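Pull up the model and have the sequence handy. We'll start with one helix and what it packs against, then look at the empty spaces and at how far to trust the coordinates.

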Amino acid sequence: MGDALQRTWVAALVAALALAAADGVGLGATTEPGAWPSIAWRLALLAVVLASAVALPLAVTGRAGLWLARRARRAWVWTLPSVALALPWVIFVSVALFSGGSMRRLPHRGLGIVLTAAVLTALVDVGCRAARRYRRRVRPRPAVAAAGLVVALFAVLGLASLNRAVLPGLYEYLHATLVALAFLVAFVAADARPRTRRPPLVAVGVLTALAILGAGYGLSRGRAIRAALGRPEAPAARAMLALVGRVIAPPPAPSIEARRPETVRSDDPGLPSWPGAHVLLVTVDALRADRLGVYGNRRGLTPAIDALARDGVVFEHASTQAPHSSYSLCSLMASEYLHETVQLRQAPPTATLASALGAAGYRTAALYPDGIFHTHGERLTTYRDARLGFETADPRWVDAERRTDAALALVDAVARDDEPPSLLWVHYFDAHEPYRETSLGTSLIDRYDGEVRNVDRAVDRLVREARRRLARDVVVVLTADHGEELRDHGGLYHGSSLYEEQVHVPLVVNAPGLAARRVRAAVELVDVAPTLLAGVGVSAPASMRGDDLRALMAGEPLPLAPAMSAVGELTSAFDGRWKLIADLHTNVFQLYDLERDPRERQNLVDARPEELARLHGQLRAWLGSLSAAPPTPGAQALELARLGDIGAAPALAAMLVARRGSTTERAEAARELGSLGGPAAPRALLSGLRDEAPEVAAESAIALGELGDRRARRPLLALLEDGARRSRAAFALARLGDAAAVPPLVEVLEGSEDRAQREQAAQWLGRLGDPRAYDALVAALDVVRVRRYAAEALGRLGDPRALPRLLAMLDPDMHLSVHVGAMLGLGRLGSPESIEPLARFAVDVPEVLGTTEALVRAGALTEGAVGGVDFAPGLRGARGCRRRRSRWDEPFAGRTTCGLDRPLRARVRPAPESPEGYVMFVRGRGVGGPARLSVRLGDGPARSLELGPRWIELRVELDPSEGGARRALLEPESALELDHLLIVPRGAPPEEDLPLEGA
């Protein structure tokens with residue numbers, strides 16, 4: 001037992017310390033130097049605690065395996081102790097691999113987990129056998145032991161480095177998997193270490209006890225340390241803290257009672273005003289404020305915007321409401337904190353800047369890509385469907401130059417029509433990733449800056465020409481929906497944190513007669529609409545929560561509450577100097593003094609408790625101001641739960657266990673626990689099942705089913721007889737994979753008036769794969785708003801009878817979403833009869849991505865209907881081929897790809913003869929950033945293709961002579977991944993020959 005404990009503890013300690021060291025490097029680069037030593041020793045203690053926590057139970061497991069091996073007296077059984085030690089990590093990795101994105105919704109997820117665990121167990125067994133043979137051949141010596149630990153250390157360090165480099169701050173399940181793999185490697189390597197006769201169990205026990213005491217004190221008393229260990233640049237520490245943090249609770253949050261100031265409105269005639277003026281609102285996607293010269297940038301990227309700002313009012317501290325385009329832009333237009341109120345299940349206000357101006361006689365027009373609703377757009381359909389209240393809208397994806405051309409055409413139309421006052425909103429998307437502009441260099445920052453410079457040129461032309469062509473005054477407002485992280489805190493892109501690089505946005509107002517001024521007060525995007533409406537003499541709708549900022553623009557003081565932003569469970573409050581970032585899910589806080597620490601490196605949450613208490617009170621007051629519930633403890637806990645605050649879970653659980661609150665509140669508590677989850681939720685919901693109130697028991701059963709707990713199955717089956725809850729019970733049963741959900745889901749699909757419910761029913765029927773759903777899904781093809789999901793579900797059923805209906809949906813006159821559903825259904829059906837229609841469709845309808853993958857799945861390559869090559873394991877000469885897990889932006893699960901970092905001569909299947917020529921489709925992505933790929937088919941010309949960091953499908957026109965090529969030379973300039981290269985015979989020429997990006 002002692003040797004098993006010692007070996008296991010050393011292996012776990014090696015893995016934990018290596019992971020902690022890698023995270024320490026990441027935190028050291030983004031943390032105040034003086035704070036790093038304190039973080040480092042707590043990281044080490046946390047590693048010791050975690051190593052000790054996993055070593056003892058694993059050692060017991062290993063001892064049991066050793067006992068079994070001795071009783072069996074067979075040589076092959078002697079690796080059982082090591083396999084038993086690794087088994088918990090094998091199970092964890094197998095489950096984690098199927099826990100993210102679409103993997104959670106795979107119909108055979110359980111089978112995938114079992115097979116993955118079996119394969120990993122076999123690999124561990126092989127590794128342990130090799131390690132034992134090595135140990136028998138080499139006599140136990142200290143040098144051998146040290147060498148084994150060094151090898152394990154470097155292997156774990158490699159995994160730790162990979163953990164920090166891959167998608168920092170995103171996809172938590174991926175980082176947890178890599179942490180578990182690191183421990184697994186260490187356990188296998190430890191099997192090669194020679195045994196010692198007298199393991200130092202006392203030393204292990206003393207060190208463990210001291211580490212637990214030190215880490216417990218450091219984590220329970222140090223809010224700053226706990227916040228640092230949970231940052232995106234420390235993914236392994238984050239995973240370790242998630243385990244240890246359940247035992248070591250954070251300190252309670254101090255708070256000072258505060259009230260939210262009343263919304264500022266003013267009818268003072270002395271404030272700036274422009275009655276009847278045109279309003280030109282310019283927003284730039286992902287534009288960081290610090291990229292503008294007027295905000296301190298010295299690279300000269302934005303001379304036009306800087307000139308506009310020098311003659312206007314510059315708000316130095318403007319914050320977005322959320323670093324997501326959908327929430328941010330809708331909040332700007334509606335002047336509402338939509339990230340929170342949507343979670344509170346409040347109906348979004350219909351009044352917007354455009355609708356208010358339109359009612360006052362303004363002509364309103366907007367130019368924006370519909371991709372702004374990609375993230376969480378399903379929660380904001382009110383604004384998406386109503387075009388945010390604009391009279392006309394152009395949602396095309398075009399670059400800055402063409403966007404400006406379209407905007408000036410609208411300006412000309414206003415000028416020709418006797419020039420009524422107008423609102424024109426122009427949203428430029430160019431600064432959003434992927435960044436392609438390389439005129440300033442090829443690094444990440446250079447390419448981003450190049451895109452910003454291009455947008456500045458477009459803004460210059462837009463403003464200059466609009467003012468030249470219009471006779472009325474033009475009020476110009478320039479801002480951004482959010483910023484962009486460029487590894488400032490270890491992450492990339494946006495939507496993952498509330499640091500300044502993501503939430504600080506430029507805000508410039510330039511209007512005739514408006515004196516140039518810089519405003520230091522903290523303001524928000526929700527303030528833009530009320531300010532503009534007051535400026536042109538239109539009353540702001542009562543639903544708008546933002547403040548009229550014109551007093552600040554005139555140099556007068558204004559009593560404002562701190563600016564509030566949110567993403568996920570994070571919420572921030574910023575008063576112009578002090579900024580609090582609060583994690584509502586874990587009760588962890590960060591406090592920064594942005595005057596002295598603008599890069600947010602030194603967390604002062606422990607050093608300045610008075611500022612923490614003040615801002616925390618104001619944050620709570622803001623959340624309370626959004627609530628429409630009565631001020632009772634139960635109602636407040638429910639409101640916090642709707643905002644995703646895990647801190648409300650214990651109160652909700654207590655309500656269920658102790659039968660506190662009204663029946664309505666307890667039922668709602670059960671429902672919210674199903675969304676929040678947490679360790680206390682299953683026990684509380686099981687108690688709720690025994691509640692004397694039938695509605696509480698029913699909601700508890702549904703919530704338990706939504707958490708995937710099979711103990712809910714029997715009460716859920718009973719609820720199928722409850723007409724009011726039949727459909728929700730069916731959805732919960734579907735999550736459990738129970739076929740009893742099929743009949744009620746069919747009823748929902750056939751008769752529900754709720755479109756979202758019908759869509760969800762179609763999706764679950766497809767995942768369940770029950771043939772009883774066939775007729776209902778076929779009938780749903782005639783329902784316009786459901787047919788896209790019904791088509792994909794029919795493909796999942798695999799019934800060949802659906803083929804004619806799905807093929808009919810490829811009609812070019814049908815909507816794009818219908819095409820997507822038909823393509824997905826045909827791809828999943830995989831019928832050779834769909835090859836020819838899909839080939840025509842791929843050439844004629846380039847907007848639908850993924851058609852080429854459907855062709856591959858239908859057997860187009862093996863049947864010889866198209867030419868090319870599918871990059872998959874076994875491809876001669878290719879390296880790094882694998883079957884990839886599906887992601888949200890991919891239409892099919894289980895895609896096979898190959899890596900490419902050197903020239904490859906691939907054998908290509910020739911395409912059938914076509915006198916009209918061919919279209920070559922190449923799907924791939926750059927690894928770590930944009931990449932270039934040169935493709936030469938046979939003796940044809942080499943073509944240079946640019947691949948972004950996300951999956952992209954490129955179309956290239958080919959000559960008739962190139963379709964019969966049997967060889968392809970692929971030469972990458974940097975590492976990339978390829979999915980397939982297809983040569984499709986063409987019929988009619990495509991409508992547009994442009995690169996097509998994934999969402």
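The buried residues of α15 pack against four strands and a helix: β1 (278-284), β3 (363-367), β4 (392-394), β5 (422-428) and α16 (444-469). Contact here means heavy atoms within 4.5 Å, and helices (H or I, at least four residues) and strands (E, at least two) are DSSP runs, numbered from the N terminus. This is a predicted model, where local features need pLDDT of at least 70 and side-chain atom pairs count only at pLDDT 80 or more, while totals for chains, interfaces and linings use all residues. Residues are numbered from 1 along each chain as its sequence is written, and side-chain values use heavy atoms, with hydrogens and water left out.

Which residues of α15 are buried (under 20% relative accessible area with a 1.4 Å probe, protein chains only; exposed is over 50%, partly exposed in between)? They are Ala400, Arg403, Thr404, Ala406, Ala407, Leu408, Val411 and Val414. An α-helix has 3.6 residues a turn, so residues three or four places apart point the same way. The length of α15 (residues 400-416) works out too: its 17 residues should span 24 Å at 1.5 Å a residue (times one less than the number of residues), and its end C-alpha atoms are 24 Å apart, which agrees. After α15 comes Asp418, with a positive phi near 60°.

Now for the holes. On a 1 Å grid over the protein atoms alone, a cavity is a set of points where a 1.4 Å probe fits but cannot get out; a pocket is an open set with protein on both sides within 12 Å along at least five of seven lines, and lining residues have an atom within 4 Å of a point. Points are joined across faces, edges and corners, and a volume is the space filled by probe spheres set on them.

The whole structure has four cavities of 30 Å³ or more, and the largest is about 70 Å³. Among its lining residues are Trp274, Phe315 and Met553, and α18 (528-535) gives the most, with three residues.

The second largest pocket holds about 540 Å³. Its lining has 21 residues, with Asp290, Glu500, His504, Pro598 and Arg599 nearest the centre.

How far can you trust all this? Average pLDDT (the predictor's confidence in each residue, from 0 to 100) is 80, and 72% of the residues score at least 70. Residues 194-199 stay under 50. Where pLDDT is low, the predicted coordinates should not be read in detail.
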